[in-house]
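Please work through the exercises below with the sequence and the model open side by side. Each task is followed by a solution that goes step by step.

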Amino acid sequence: MKDTIEKIISLGLGIVSAGKEQIEKTVDELVKKGEVNRTESKALVEELIRKGEEARQQIEAMARERVNAILSEMRLATQEDIARLERRLDALERKDHTEN
């Protein structure tokens, strides 16, 4: 399961790391080859960046859901659980000090 999470996160990071520069470089190559004209290139770059951002958000959401599912299966204490236990310990310590 840990490998799956790492693969999902790596895929998301790969899309993000491609970034604007890589997209612009690829579109410039298409312009040089004559497959896209210069006026279309800016719109194409913006569209690809938007789609990449959407994909990144979807991947992050999937990774978050998977991590939460794994953590739920592991039944780990939450920060709220720990805070509640700390308050109980503090109360018991105060009670013990007042009785002595």
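The exercises that follow concern a predicted model, and they go from the overall fold to individual residues.

**Exercise 1. The overall fold**

Task: State how many helices and strands the protein has, and in which pattern they follow one another along the sequence.

Solution: Begin with the count, which gives three helices and zero strands. Reading along the sequence then gives the pattern α-α-α. As for burial, 14% of the 100 residues count as buried, and the accessible surface comes to about 8400 Å², with 54% of it belonging to carbon and sulfur atoms. Finally, look at the contacts with a separation of 6 or more: residues 24 or more positions apart account for 59% of them.

**Exercise 2. The nonpolar core**

Task: Identify the residues of the largest nonpolar core, and find which helix gives the most to this core.

Solution: The largest nonpolar core consists of five residues, namely I23, V27, V31, V36 and V45. Helix α1, which covers residues 2–33, gives the most to this core, with three residues. Take I23 as one of its members: I23 is found in helix α1, and because its relative accessible area is 17%, under the 20% limit, I23 is classed as buried. The next step is to compare sequence with space, where I23 and V45 are 22 residues apart along the chain while their C-alpha atoms are separated by 6.3 Å. As general background, nonpolar side chains in soluble globular proteins tend to be buried together.

**Exercise 3. Two residues of helix α2 beside the core**

Task: For S41 and then for L48, decide whether the residue is buried, partly exposed or exposed, and list what each touches beyond four places in sequence.

Solution: Start with S41, which has its place in helix α2. Its relative accessibility is 8%, and therefore S41 counts as buried. The side chain of S41 reaches the backbone oxygen of R38 at 2.6 Å. Leaving aside neighbours within four places in sequence, S41 is in contact with V27, V31 and V36, and these three residues are listed in the largest nonpolar core.

Now turn to L48, which is found in helix α2, residues 38–74. At 36% relative accessibility L48 falls between the 20% and 50% limits, so L48 counts as partly exposed. With residues up to four places away not counted, L48 touches I23 and V27. For the pair L48 and V27, the separation is 21 residues in sequence and 9.7 Å in space, C-alpha to C-alpha.

**Exercise 4. Salt bridges along the helices**

Task: State how many salt bridges the structure holds, and examine R50 with E54, E60 with R64, and R84 with D81.

Solution: The structure holds five salt bridges. In the first pair examined here, R50 forms a salt bridge with E54, and the closest N and O atoms are 2.4 Å apart. Because R50 and E54 are four residues apart in helix α2, about one helical turn separates them. R50 is partly exposed at 39%, and E54 is partly exposed at 37%. A network of salt bridges links E47, R50 and E54.

The side chains of E60 and R64 also meet in a salt bridge, at 3.8 Å from N to O. E60 and R64 both lie in helix α2, four residues apart, about one turn of the helix.

In helix α3, R84 forms a salt bridge with D81, with the closest N and O atoms 3.6 Å apart. R84 and D81 are three residues apart, which means that they are separated by about one helical turn. R84 is partly exposed at 38%, and D81 is partly exposed at 26%. In general terms, side chains of opposite charge can pair when their charged atoms come close.

**Exercise 5. The end of helix α2 and the loop after it**

Task: Find which residues make the nonpolar surface patch of about 280 Å², and describe the phi and the exposure of R75.

Solution: The patch is made by L71, M74 and L76. Of these, M74 lies in helix α2, and at 49% relative accessibility M74 counts as partly exposed, because this value is not over 50%.

R75 is found in the loop between α2 and α3. At 75% relative accessibility, which is over 50%, R75 counts as exposed. R75 has a positive phi of about 55° although it is not a glycine. For context, most residues other than glycine have a negative phi.

Technical notes. Residues are numbered from 1 along each chain as its sequence is written. This is a predicted model: local features need pLDDT of at least 70, side-chain atom pairs count only at pLDDT 80 or more; totals for chains, interfaces and linings use all residues. Side-chain values use heavy atoms; hydrogens and water are left out. Helices (H or I, at least four residues) and strands (E, at least two) are DSSP runs, numbered from the N terminus. Buried means under 20% relative accessible area, exposed over 50%, partly exposed in between (1.4 Å probe, protein chains only). Contact means heavy atoms within 4.5 Å. Accessible areas come from the Shrake-Rupley method with a 1.4 Å probe; for residues, only the protein chains shown count as cover. A nonpolar core is a set of buried Ala, Val, Leu, Ile, Met, Phe, Trp, Tyr and Cys residues joined through side-chain atoms within 4.5 Å. Patches are made of residues with over 30% relative accessible area and no salt bridge: like charges are joined within 9 Å, nonpolar side chains (Val, Leu, Ile, Met, Phe, Trp, Tyr) within 5 Å. A salt bridge is a side-chain nitrogen of Lys or Arg within 4 Å of a carboxyl oxygen of Asp or Glu. A polar contact is a pair of N or O atoms within 3.5 Å; within protein, one must be able to donate a hydrogen and the other to accept it, and residues adjacent in sequence count only if both atoms are side-chain atoms.
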